[in-house]
Amino acid sequence: MQQIINFLIRYKIFLLYLFLLLISLIFTFQSHSYHQSRFLNSANYFSGNIYEFFDNTTSYFGLKEENRKLLRENQRLRYQLYNKNTDTIQPLDSLENNYLVVRGRVIKNSYSDQRNYITINKGKTDSVEQDMGVITSKGILGIVENTSNGFSTVQSILNEKSNINAKIKNSNHFGSLIWNTEDYNTVQLVDIPRLVELTIGDTIVTGAMSSIFPENVPIGTIKKFDLDTSRSFYYIDVDLFNDMTNIESVYIIKNLNREEIIELQEETEINDQ
Amino acid sequence: MINNTFFINLIRFVLLILVQILVFNRLNFFGFINPMVYVLFLYWYPIKKNRTNFILICFLLGLLIDIFSDTLAINTAATVSIAYLRPSIMRFVFGVNYEFQSFKLNSSTRAQQFTFLALLIVIHHVIYFTLEIFSFANILLIIQKSITIGVSSIILCLLLSSLFSTKKE
């Protein structure tokens, strides 16, 4: 007994170090697999407020550019609205719509790591939940991962864990959108079959398979394509529409049918077995 | 006197975290270089202090940086490791001198100070990027990132430490 206590006293610093290292490694590896750590993220009251306070000051410098962006988007939407053939009015009752849209602002952006997360200033009180899609006026941005009362973290498309259903515009050939962590302006589209005809400059949009994003949200254009190692699928470099280094206003989209879709899919899977 | 060093360290702690998350994490020089200057806390921390407290404080420092920058707990692991290794590094750099009561960081030579800082940063960055990338297939990327970001961290830490250094008598 004496010896054990002596041992503990002599190596107490080493043991403390091992203990703390173990804690940090557990935090790291438990979330390597799928979701970001539930405790260690910047969507909490403390860090969220600090980021928001500083963003309130610095966002003034980008106001002009931001205004121009929003004006351009309004112009596009009005053009679509006035040239619409049918004159049906959207029902205001949310039960009859498929998607809800919440507006938000980016208070912390990152694009230089392997796993990039963006923090936005909308959270549970604004009915933002996990797995809602986040887009900007130009294209998709990511998926909500953790929420607190006032803030949320978004898993950016510039994240090696990101995997989003995407397709080539005006066709139904779909694949997965991933990121190879090399360039923050380029993401990769994989699993498009070889027989599809591709042209450089084709537009890539989100696919209908995703229960997170609406169909046809713009992503980017084809920059370069090549066959992958199996020689039967394309490996496509996609140039993003979004400038990922300069993002201010975002829209958070909730698919109201998502629960039903997931329930149905799970049921089908169970029946298959 | 004890209170004085305590407050100095507390202010350093808060300011280094704020500077790290609000300035240097957004630098993105060449698109990927974000120097990690909060390592300076370990460089400046008094030598003759309780080691247990020191490791716990560094754990907290790493954890706060991790929470703010959404990097899981990678910063924590790297910071705790260099906090544990700091006495060994100091013995290696300053030799027997460091054991004396009267030893101060300011009384050592420039070269020694530089080696000490550089070793802290290099070890920190190697652990950090190994955990961040975590694949042996990408070992070249780990080395490349450790070197480029390490060099930029060393340069900025040297600039900051000379800016805020106490004058030699």
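How many residues lie between β4(A) and β5(A) in the hairpin they form? I looked this up before anything else: the hairpin has 4 residues between the two strands.

**Ground rules**

I noted that this is a predicted model, in which local features need pLDDT of at least 70 and side-chain atom pairs count only at pLDDT 80 or more, while totals for chains, interfaces and linings use all residues. Residues are numbered from 1 along each chain as its sequence is written, and chains are lettered from A and ligands numbered from 1 in the order in which they are written.

I also wrote down what a helix or a strand is here: both are DSSP runs numbered from the N terminus, helices being H or I of at least four residues and strands E of at least two. Two strands pair if DSSP finds at least two bridges between them.

**Entry: around the hairpin**

I stayed with β4(A), residues 140-147, and found that this strand pairs with β5(A) in the antiparallel sense over 5 bridges. One bridge partner I could name: A:Thr147 goes with A:Ser152 in β5(A). Then I turned to β2(A), residues 115-120, which is also joined to β5(A) by 5 bridges and runs antiparallel to it. There, A:Arg115 stands opposite A:Asn159.

Is β5(A) enclosed or open? I checked burial next (a residue is buried if 20 or more other C-beta atoms lie within 10 Å of its own, exposed if 12 or fewer, and partly exposed in between, with C-beta atoms placed from the backbone). In β5(A), residues 152-159, 8 of the 8 residues are buried, so this strand is largely enclosed by the rest of the structure.

**Entry: the barrel**

I counted 5 helices and 12 strands in chain A. Among the strands, 6 close into a barrel with antiparallel pairing, in the order β6-β7-β8-β11-β10-β9. The twist averages 40° from one strand to the next; for such angles, axes are lines fitted to C-alpha atoms (for helices over the stretch in contact), and angles run from 0 to 180 degrees between N-to-C directions.

I followed one pairing in the barrel: β6(A), residues 164-168, and β9(A), residues 203-206, are antiparallel partners over 3 bridges. Here A:Lys167 stands opposite A:Val205.

I also looked at the record. An unreviewed UniProt entry lists residues 106-254 of chain A as "domain: Rod shape-determining protein MreC beta-barrel core". UniProt positions are given in the numbering used here, feature names are shortened, and annotations may be inferred rather than shown by experiment. Over that range the model is 0% helix and 50% strand, with the end C-alpha atoms 18 Å apart.

**Entry: A:Val205 up close**

Why does A:Val205 count as buried? I found 20 other C-beta atoms within 10 Å of this residue in β9(A). For its neighbours I used contacts (C-beta atoms, placed from the backbone, within 7 Å). Setting aside residues within four places in sequence, A:Val205 touches, among others, A:Ala166, A:Lys167 and A:Asn216. A:Asn216 is 11 residues away in sequence, yet the two C-alpha atoms are 5.0 Å apart.

**Entry: over to chain B**

I found 6 helices and 0 strands in chain B. The radius of gyration is 16 Å, close to the 15 Å that the globule rule gives for 169 residues, so chain B is as compact as a globular protein of that length. The radius is taken over C-alpha atoms, and the rule is 2.2 Å times the number of residues to the power 0.38. In chain B, 38% of the 169 residues count as buried; in chain A, 32% of 273 do.

**Entry: cores and the meeting of chains**

I looked for nonpolar cores (sets of buried Ala, Val, Leu, Ile, Met, Phe, Trp, Tyr and Cys residues joined through C-beta atoms within 7 Å). The largest has 47 residues, and B:Val37, B:Tyr38 and B:Val39 are among those with the most contacts inside it. Elements giving two or more residues to this core include α2 (12-32) of chain A and α1 (2-22) of chain B. Apart from it lies another core of 42 residues, including A:Ala43 and A:Ile204.

Finally, I checked where the chains touch: 24 residues of chain A are in contact with 26 residues of chain B. The largest share of chain A's side, 10 residues, comes from α2(A).

Notes: Contact = placed C-beta atoms within 7 Å.
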